[in-house]
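Biologist: Please show me the structure. I have some questions about the ligand and the aromatic rings.

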Amino acid sequence: MTRVFVTRALPGGSGPGSPLARLRDAVDEVDVWEDEAPPSPAALLARSEDCDGLLSMLTERVDAALLDARPGLRVVANMAVGYDNVDVPACSARGVLVTNTPGVLTDATADMTWALLLAAARRLPEGRAAIEAGEWGPWHPSWLLGSAVTGRTLGIVGPGRIGAAVARRAQGFQMRVLYSGRSAKADFPGEFVPLDDLLARSDFVSIHVPLTEATRGMCDASFFARMQPHAVFVNTARGPVVDQGALTDALRADLIAGAGLDVMTPEPLPPDHPLLHAPRLVLAPHLGSATLETRTQMAHLAVDGLLAALTGERPVHLLNPDALTPDTREPDALDVTAATNDTARRRGRP
Ligand code: DGY
């Protein structure tokens, strides 16, 4: 008996060929958390009892305590490209495979980066607020002047897939692109420079690094102080990469001209959070990959990862090859139930 817990209703419906239908066709029991809010840690623990697989979202913390309580787990398929919510080394140590969903959300997230960049550069939220407040007076040549975008310099911090897609879009705006990261990339459409240079020369700075202990809080007071006063900052990566207090101070002190955030800390941001009072800040509620097409593809990829692991195949987007056992390196079972039962028997489960 194969059992999988899916921590949120999957996009794409439940019709034939949908991610959920594919899962239900292949797995004996698929339990779906139907609430809009994520399961609490206690609910996650309870509902993952006897599970072989977990299809999780970025909102679920998969840590050593959960893994120890659920020794039958063989795979965590995280429906996100980011996986800072999963303790991957702890999974590896217990032979639990972890997969993510890269690639399919690259364009949607790059589009969102540009939506924020343009909205912040051209001060769209302030314009709307002025209309709503009845402050839209007669046309004035100096009212709500924003920053030009075309022909200027864009700095990309983190030259991964999404950073590259953001850089490619900049070509349409005839921009010079600078980028920094651990090393230069032969095919990245831009000039590799040290971070200091990037901050000193860019008119727009966009963050595309994963959240790790090295990147946590990297956009701090010194980071913003090194940006140009007319520059705009954008983050569509992960909230904790930014010291939000430092960002708020930088905006208040006019150290930078504006900012756009799709990710923040905490998420969801409470309606009375101080960040909401920061000037010239455009906010979106973590919508980077939020198109029906993209989210459906992410759900399919997560299902692919989960089913591959359960059938003993090597998942395409496997994050921890060190967790592979001789069984999963050389699969011979293609039937999920058979594979899972075999594993259960090996582990002494009924
Ligand atoms: C991710 O996939 O990591 C995004 O933040 C959500 O789509």
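Modeller: This is a predicted model. I begin with one group of rings: Tyr-179, Phe-188 and Phe-192 form one aromatic cluster.

Biologist: Is the pair of Tyr-179 and Phe-188 stacked, edge-to-face or tilted?

Modeller: Planes under 30 degrees apart count as stacked and those over 60 as edge-to-face. The rings of Tyr-179 and Phe-188 lie 4.2 Å apart, centre to centre, with 35° between the planes. The pair is therefore tilted.

Biologist: Are Tyr-179 and Phe-188 buried or exposed?

Modeller: The term buried means under 20% relative accessible area. Both Tyr-179 and Phe-188 are buried.

Biologist: How many aromatic pairs does the structure hold?

Modeller: One of them joins Trp-114 and Phe-173, which are stacked with 5° between the planes. Another is formed by Tyr-179 and Phe-188. The structure holds six aromatic pairs.

Biologist: How many residues apart in sequence are the parts that the pair of Trp-114 and Phe-173 ties together?

Modeller: Trp-114 sits in helix H5, whereas Phe-173 belongs to the loop between helix H7 and strand S7. The pair therefore ties together parts whose separation in sequence is 59 residues.

Biologist: Which residue has a polar side-chain atom 2.6 Å from an oxygen atom of the ligand?

Modeller: Val-81 has a polar backbone atom 2.7 Å from a ligand oxygen, and Gly-82 has a backbone N or O atom at 2.9 Å from one. Those contacts use backbone atoms. The residue with the polar side-chain atom at 2.6 Å is Arg-238.

Biologist: What share of the ligand's exposed area does the protein bury?

Modeller: Taken alone, the ligand exposes 230 Å². Of that area, the protein buries 91%.

Note on methods
Residues are numbered from 1 along each chain as its sequence is written. This is a predicted model: local features need pLDDT of at least 70, side-chain atom pairs count only at pLDDT 80 or more; totals for chains, interfaces and linings use all residues. Side-chain values use heavy atoms; hydrogens and water are left out. A polar contact is a pair of N or O atoms within 3.5 Å; within protein, one must be able to donate a hydrogen and the other to accept it, and residues adjacent in sequence count only if both atoms are side-chain atoms. Accessible areas come from the Shrake-Rupley method with a 1.4 Å probe; for residues, only the protein chains shown count as cover. Rings of Phe, Tyr and Trp (its six-membered ring) pair if their centres lie within 6.5 Å; planes under 30 degrees apart count as stacked, over 60 as edge-to-face and the rest as tilted. Helices (H or I, at least four residues) and strands (E, at least two) are DSSP runs, numbered from the N terminus. Buried means under 20% relative accessible area, exposed over 50%, partly exposed in between (1.4 Å probe, protein chains only).
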